Every structure is written in C-alpha cells, then in structure tokens.
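Hello,

Here is the structure I promised to pass on to you. Have a look at it first, and then read on for what turned up.

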Amino acid sequence: MTKLPKRTKSQKIGASAADLLSSVFAEFCNVIPVPQERDLGIDFICEIMQEEHPTGKLFNIQCKGKAECKVESNSITIPIKVPTLNYWLLQPNPTFLIVVDCQNGLFYWSFPQDFLSSLNKNWQKQQKVSIPVPIQNLFRQDIKILPAQIVSIVNSQASATPKNGDYLGTLTLGDAINRAAIDYGLCVLSSPFHRPFQYMGMSIADAARAVGGNPNKVGNIIVDSEQAHMLLEAEGNFINYVDIELKKTAPWSQSRPFNSEAILGVLSINPAELELARKQTHFHTYYDHKRKLKIGVSCQYDGAPLSVGFSSKYYGA
C-alpha cells in the first residue's frame, strides 16, 4: 500500500475546535484566521461588529481544542511556551486563550495578561507557564453576543485598528519576524537572547544567573551561541549596556542598507513600540520611551555582523 501522511487525533481536535469557535464568533465578529505560515501563537484576529457595521475594535484568540476538559481547582490548566506569552504581551490588542470542549460544545476563556501580571518576573526563566482558564468563564455554542467581560477588556485594552482592511498588519511583531526570515534567513532567538533589554539595570549576580554566564574580572558577562554573541557590560555592580551581534549576518558593509525592524524582530522586539529617531546607512537609532532606552541597530565596521545595542545613558540624546 502507498505510504501516505496521517492526520493525528490532536490535529483533528484542533481543526474541529477552530471551526466551531469561528462559526460561533462569526455571529457577532468579523473573524480573520491567521495563516499557518504566520501563526506565531495567534489563531484568529476578531473585529467586534455592531449589527452589520464594523467597530474597529480588535482582539486576538489562541484556540485550544480538548476532547475532554480536566478541571482542577475550578480551572482548566493550559501550558503555554514563554516566547508565545511574550508575543501575546507585545500585541497592541488583547489576546484571549479559549479552550473548546468539542464533545459538549462548551467554551472557556481566559485573559492571560491578568494572570501574568500577578506573577513575579521569574516566569520568564521557565520553558512554559501553566495558564489557568476559570470554568466560570463559560459560554455556549448558542450565544448571540460576545460575553460582556470580554467586551469590557477589549474596550479598555485594544489600540490598533485595521488599515485598508489589513487585519494581519496589526500583528506588528509578526511582520518583523517574517521579514527577518525572508530577507536574512534569521529565526527568532530564544533565551537568553530573547528581549535582551530585560538585563538592563540588573545586578551582575542576577544577570549572570539569568543568562547562565560568568562575570569576568570587571563584571562583564559574555554569552555565545552559533547564532549570536552577547555582551552585558557592567558599571559598578549593575548592567548598564547590552550588545548582541547576529553572527549569521556577517560579513556586512557600512555602505549596505539593512532592515532594522526585521533585526529587532529576531530579538522579539516590536518595532511599533519604538520611535525611529535617526537613520543612517550603517546605524539606525531608536528610542524606547516606555523603558527609557536608546537602541542602536548597526554595522560597526566593514565585515562586521549586524548588531543591536541597548543603553540608558544616552536615551533622548
């Protein structure tokens, strides 16, 4: 018999759950599936409709199908990878986790951002975080309007609206990551290179534990991998500068243009959250006003790799 691929039970449940959820939400939302090649942890973008008219209020959904929901302490626990959670937190619109009980046609939802804000920052060091989905956050297949609590969260949290009908364009980090893969053959870096601004202001001891490196005589920490070289530079007892070289971009030239948004995407940094202050061929300067950082994406010399530096000293200068 000819060998053919098999459809697994989990694939079948996942597809059924997505179809069921989409059909229910289509009653009161414009539901836009995220193509698989752009799915970094979000299955649907939804726009709330007011009768036949769009409202411009968007939210994201990650759908998890279950043949049987196991309830513990009044909630269903779903393990989510930390990079996926960080991706959700970067989005300008709220992201909901919805568990679909395919057998009984029941839906349970959670707003993970609220749960994550109750944790200390140590969860960033984990591989996954168990997200509780309360069983009281329940709606059924026959609902005709979006649950009031979800509407309230969307009204208070959503900030991006579709431009010229481009819903996928609201996933700004996803665009940067796609460009990095297409233009430079780069994939998103994992810990400890993920969102390296987090090490700014850390004590040397805490930074060493976070990145799994050892400080040298002057307190600087160097971390190497096949993809990147990272320097955490100390002043006194604290990290005050971080620089990451992306090895696979070498050799570059100072006269050769580059897409700094794509480079930032490799580090899971959303370019939409930054202000592009200055742009030269070899050096792009950004300001992160939320964290009060100056970020430079550059080619330091001919033949060097592209690098990204983070500093608070020259923020706004």
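Valine 99 sits across from tyrosine 108 of S6. This is a predicted model, by the way. The strands concerned are S5 (residues 95-101) and S6 (residues 106-110), which run antiparallel and are joined by five bridges.

Both strands belong to an open sheet of six strands, ordered S1-S2-S3-S5-S6-S8, and the pairing in this sheet is mixed. At its edges are strand S1 (29-33) and strand S8 (138-140), each of which pairs on one side only. On average, neighbouring strands of the sheet are turned by 35° against each other, ignoring direction.

Two helices are worth tracing against those strands. H1 packs on the sheet and touches S1, S2 (44-50), S3, S5, S6 and S8, with its direction at about 155° to that of S3. Helix H4 (residues 148-157) lies across S2, S3, S5 and S6, and runs at about 120° to S3.

You may also like the second largest pocket, which holds about 340 Å³ of space. Its lining is made up of 17 residues, and those that lie nearest the centre are Gln62, Cys63, Lys64, Pro79 and Ile80. Helix H1 (9-25), strand S3 (53-66), strand S4 (75-81) and helix H2 (82-90) each supply at least two residues of this lining. Which element gives the most to the lining of the second largest pocket? That is S3, with five residues. Sorted by class, the lining has six charged, six polar and five nonpolar residues.

Happy browsing, and do write back with any thoughts.

Best wishes

Conventions:
Residues are numbered from 1 along each chain as its sequence is written. This is a predicted model: local features need pLDDT of at least 70, side-chain atom pairs count only at pLDDT 80 or more; totals for chains, interfaces and linings use all residues. Side-chain values use heavy atoms; hydrogens and water are left out. On a 1 Å grid over the protein atoms alone, a cavity is a set of points where a 1.4 Å probe fits but cannot get out, and a pocket is an open set with protein on both sides within 12 Å along at least five of seven lines; lining residues have an atom within 4 Å of a point. Grid points are joined across faces, edges and corners, and a volume is the space filled by probe spheres set on the points. Helices (H or I, at least four residues) and strands (E, at least two) are DSSP runs, numbered from the N terminus. Ala, Val, Leu, Ile, Met, Phe, Trp, Tyr, Cys and Pro count as nonpolar, Asp, Glu, Lys and Arg as charged, and the others, Gly among them, as polar. Two strands pair if DSSP finds at least two bridges between them. Axes are lines fitted to C-alpha atoms, for helices over the stretch in contact, and angles run from 0 to 180 degrees between N-to-C directions. Contact means heavy atoms within 4.5 Å.
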